[in-house]
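Here's a set of exercises to work through with the model open beside you. Try each task before reading its solution.

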Amino acid sequence: MSKPIIGITESEPQYMAPFIDIIEKSNGKPFPIYPEDKIDIESTLEKLDGLLIGGGPDIHPSEYGELVDVNANVSTQVERDAVELPLLKAGMSSDMPILCVCRGMQALNIVLGGKLIQDLGDKYPGHGYSLNDTGNKTTSKHRIFIAPGTKLASVVGSGGIVRVNSWHHQGLSSAQQSKHLLASAYSLDDGLIEAVESPNHSWVIGVQFHPELRGEMPPHFDRLFEALVFNSGLKQRPKKS
């Protein structure tokens, strides 16, 4: 069989590049998808063996039945919502292997009926980037607990406490969590959900942190991408010409 083709959604080439690099290193073939691409969902899925839903702007609150909180500093990209959410939903309907990162995990929660905290704010500090003395953005990091026995623990090699990066101002707690997802990791500081997985699909995992930023994460998190490609290969089927 040929290399598994992994569809990757992102907003800009600079954020797409790390995903392309690590999928290639994992022996997969990247298939980039941007918001401006006029894709047909059904025909696009026929070309793919797996999906990687990347980070990016906030998902519009109307997608989970809420109005925009004017105090929440929400920055949306409805063009991406219109491409990504139907693609994710259709991919799950066909039981395609899917890895969702940051915004991607939030999209997964929304597609399955969950909601989001529109701004973590002062109640949940330490989850977004911070500013150094020169005003440049620097990565925030915090400790999370990965539950033993979950798909995530199996992929990365163990459960327990690990330090991860954090680049998000939205998120979810158990109050916003879809009833169709299991939480597989939590922030030790405030209990926010840091990873989810679907018990009703062969391989669907979402993480709130950014494992593609390899210098900011323990190296064993590369296994998330290796596992995505491997499981996509197991699901591989002949492509339509």
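Contact here means heavy atoms within 4.5 Å. Keep in mind throughout that this is a predicted model.

**Exercise 1. Find what Ser-232 touches, not counting residues up to four places away in sequence.**

Step 1: Place the residue. Ser-232 sits in helix α6, which spans residues 223–234.

Step 2: Check its exposure. Buried means under 20% relative accessible area. Ser-232 comes in at 0%, so it counts as buried.

Step 3: List the partners. With sequence neighbours set aside, Ser-232 touches Pro-4, Ile-6, Asp-49, Gly-50 and Pro-97.

**Exercise 2. Take Ile-6 and work out which residues it is in contact with, beyond four places in sequence.**

Step 1: Ile-6 belongs to strand β1, residues 5–9.

Step 2: Its relative accessibility is 0%, so Ile-6 is buried too.

Step 3: Now go through the contacts. Ile-6 meets Ile-23, Lys-29, Pro-30, Phe-31, Leu-48, Gly-50, Leu-51, Leu-52, Leu-228, Val-229 and Ser-232. Ser-232 brings us back to helix α6.

Step 4: For a pair at long range, try Asp-189. That residue is 183 places from Ile-6 along the chain, and their C-alpha atoms are 34 Å apart.

**Exercise 3. Trace the pairing from β1 through β3 to β4, and say whether the faces of β3 are covered or not.**

Step 1: Start with β1 and β3. These strands run parallel and share 4 bridges. Gly-7 is the residue opposite Leu-51 of β3.

Step 2: Move on to β4. β3 pairs with β4 in the parallel sense as well, over 3 bridges. Here Leu-51 has Ile-98 as its bridge partner.

Step 3: Look at the faces. In a regular strand the side chains alternate between the two faces of the sheet. In β3, Gly-50 and Leu-52 are on one side, Leu-51 and Ile-53 are on the other, and all of them are buried. Both faces of β3 are therefore covered.

**Exercise 4. Decide whether helix α4 is enclosed or exposed, and say what its buried residues pack against.**

Step 1: Count. Of the 9 residues in α4 (103–111), 8 are buried, so the rest of the structure largely encloses this helix.

Step 2: Name them. The buried ones are Arg-103, Gly-104, Met-105, Gln-106, Ala-107, Leu-108, Asn-109 and Ile-110.

Step 3: Find the surroundings. Those residues pack against β3, α3, β4, β10 and β11.

Step 4: Zoom in on the α3 side. Leu-85 lies in α3, and at 8% relative accessibility it's buried. Its contacts beyond four places in sequence are Ile-59, Glu-63, Arg-80, Ala-107 and Val-111. For Leu-85 and Ile-59, 26 residues apart in the chain, the C-alpha separation is 9.5 Å.

Step 5: Check the exit. Gly-113, just after α4, has a positive phi of about 95 degrees.

**Exercise 5. Follow Ala-185 of β9 to its partners on both sides.**

Step 1: β7 (140–146) and β9 (182–187) run antiparallel and are joined by 3 bridges. Ile-146 stands opposite Ala-185.

Step 2: β9 and β10 are antiparallel as well, with 4 bridges. In β10, Ala-185 is partnered by Ala-195.

Step 3: The β9–β10 hairpin has 5 residues between its strands, and Gly-191 there takes a positive phi near 80 degrees.

**Exercise 6. Why is there no bond between the sulfurs of Cys-100 and Cys-102?**

Step 1: A disulfide needs the sulfurs within 2.5 Å. Across the whole structure, the search turns up 0 disulfides.

Step 2: The closest cysteine sulfur to that of Cys-100 belongs to Cys-102, and at 11 Å it's too far for a bond.

Step 3: How about exposure? Cys-100 is buried at 0%, and Cys-102 is buried at 6%.

**Exercise 7. Describe the largest cavity: its space, its lining and the classes of its residues.**

Step 1: The count is 1 cavity of 30 Å³ or more, and the largest holds about 40 Å³ of space.

Step 2: Its lining is made up of Thr-9, Glu-10, Ile-33, Tyr-34, Pro-35, Arg-80, Val-83 and Glu-84. Helix α3 (78–93) gives the largest share, 3 residues.

Step 3: Sorted by class, the lining has 4 nonpolar, 1 polar and 3 charged residues.

Technical notes:
Residues are numbered from 1 along each chain as its sequence is written. This is a predicted model: local features need pLDDT of at least 70, side-chain atom pairs count only at pLDDT 80 or more; totals for chains, interfaces and linings use all residues. Side-chain values use heavy atoms; hydrogens and water are left out. On a 1 Å grid over the protein atoms alone, a cavity is a set of points where a 1.4 Å probe fits but cannot get out, and a pocket is an open set with protein on both sides within 12 Å along at least five of seven lines; lining residues have an atom within 4 Å of a point. Grid points are joined across faces, edges and corners, and a volume is the space filled by probe spheres set on the points. Helices (H or I, at least four residues) and strands (E, at least two) are DSSP runs, numbered from the N terminus. Ala, Val, Leu, Ile, Met, Phe, Trp, Tyr, Cys and Pro count as nonpolar, Asp, Glu, Lys and Arg as charged, and the others, Gly among them, as polar. Buried means under 20% relative accessible area, exposed over 50%, partly exposed in between (1.4 Å probe, protein chains only). Two strands pair if DSSP finds at least two bridges between them.
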